[in-house]
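Subject: A structure for you to look at

Hello,

I am passing a structure on to you, with some notes on what turned up in it. Please open it first and keep it beside you while you read.

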Amino acid sequence: MRKIIYLLLALGLFTACTKEIDFDFNEIDPIVVIEGHISNEGCMVVVSRSRSVNDATHAHCLDGAIVTITGNGSTIALTYDVEKDCYYSSVTGVPGNTYQLSVDFEGKHYEATSLMPSQAPIVSSEFMWMPMMNERWLSYEMWAKDPNPDQRNYLWFRMHRFSSHPHFEGKPQTEPYTWDLFDDRGCPPGTIFMDMVTVSEKMMNDDEKENWKWIFYDGDSITAELIAVDRTVYDYLSELRASQYGRGANPHSNISGGCLGFFAAESVSHTDTIVFYRDKVPNYDKNSK
């Protein structure tokens, strides 16, 4: 399992993976932050301002911007949606096209381009118990079809856990359980494969408060998405992850005009929902794959 060693070494820092994406890692005056997406599921752009690292409040989308996305021979005007807390359009993108984001806000102009890759359809996903270091660890595997076996594919993985356990009563669960980046080097021909270790059986048995955010409880609903992105977005997110681990400064935005954030033309694939029950998770069988 190619991610196990990395994840075990990083376990002490693993909490950084589930933080809300916060682009202000230094104490500076507020800067405009733009996070834009066009995908096979629609268009969404959030315009906000950077916040202090000590500010735990959610960054709401600011009204008053003119937001358009151009590509595939048409221009999409995104409207401010209060309920979705973003600028939104149901118009979907088409793989193979390059899209341009344009944002005019408070007298300044921001723009970016991004190429929309082909979708990598998810074939299967499952949890299993993996023996390591004299313990059992809960491992997660995902298999998908490689849309372009003859070229490099860049992928953004996000897992979401929705729990009704009393530990989480009254607490929003809008942030990903975890996220990661990888490409298809080393995968079997025509196939995309990723795996990761999540939590140990001992951590689940002890049920200590500092591990609640990692523990899966019976009845939890788990979904994941595999997002194909272009190289510029992959590089941005890689820098973002490094900065969250304290290994770099703010990532380099692909949006011009002096803001933070990024614009991604992306293709999204989802897993079926897994309803987690601990005693139904199989043990890893090296001969089964």
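**The sheet**

Eight strands make up an open sheet with mixed pairing, and their order is E7-E6-E3-E4-E5-E2-E1-E14. At its edges lie strand E7 (108-115) and strand E14 (260-265), each of which pairs on one side only. Neighbouring strands in this sheet are turned against each other by 20° on average, direction ignored. A helix joins the picture too: helix H3 (residues 231-244) packs on the sheet and touches E7 and E14. The direction of H3 makes about 145° with that of E14. Please keep in mind that this is a predicted model.

**Two hairpins that share E4**

A good place to zoom in is E4, which takes part in two hairpins. As general background, strands of a sheet pair through backbone hydrogen bonds, either parallel or antiparallel.

On one side, strand E3 (residues 66-71) and strand E4 (residues 74-81) pair in the antiparallel sense over five bridges. You can follow the register through two bridge pairs: Thr-68 has Ala-77 in E4 as its partner, and Thr-70 has Thr-75 in E4. Two residues lie between the strands of this hairpin, and Asn-72 takes a positive phi near 55° there.

Gly-73 is also found in the loop between E3 and E4. Is Gly-73 buried or exposed? With a relative accessible area of 86%, Gly-73 is exposed, because the cut-off for that word is over 50%. Gly-73 and Asn-97 are 24 residues apart in sequence, and their C-alpha atoms are 9.7 Å apart in space.

On the other side, E4 pairs with strand E5 (residues 86-89), again in the antiparallel sense, over three bridges. Thr-79 stands opposite Tyr-88 in E5. This hairpin has four residues between E4 and E5, and Asp-85 in the turn has a positive phi of about 60°.

**A residue in E1**

Finally, have a look at Val-33, which is found in strand E1 (residues 32-39). Val-33 has a relative accessibility of 4%, so Val-33 counts as buried, the limit being under 20%. Along the chain, Val-33 and Ala-59 are 26 residues apart, while 9.7 Å separates their C-alpha atoms.

I hope you enjoy exploring it.

Best wishes

Definitions and conventions:
Residues numbered from 1 in each chain as written. Predicted model: local features only at pLDDT ≥ 70, side-chain atom pairs only at ≥ 80, totals over all residues. Heavy atoms only, no water. Pairing = 2+ DSSP bridges. Axes fitted to C-alpha atoms, helices over the stretch in contact; angles between N-to-C directions. Contact = heavy atoms within 4.5 Å. Buried < 20%, exposed > 50% of the residue type's maximum accessible area, 1.4 Å probe, protein only.
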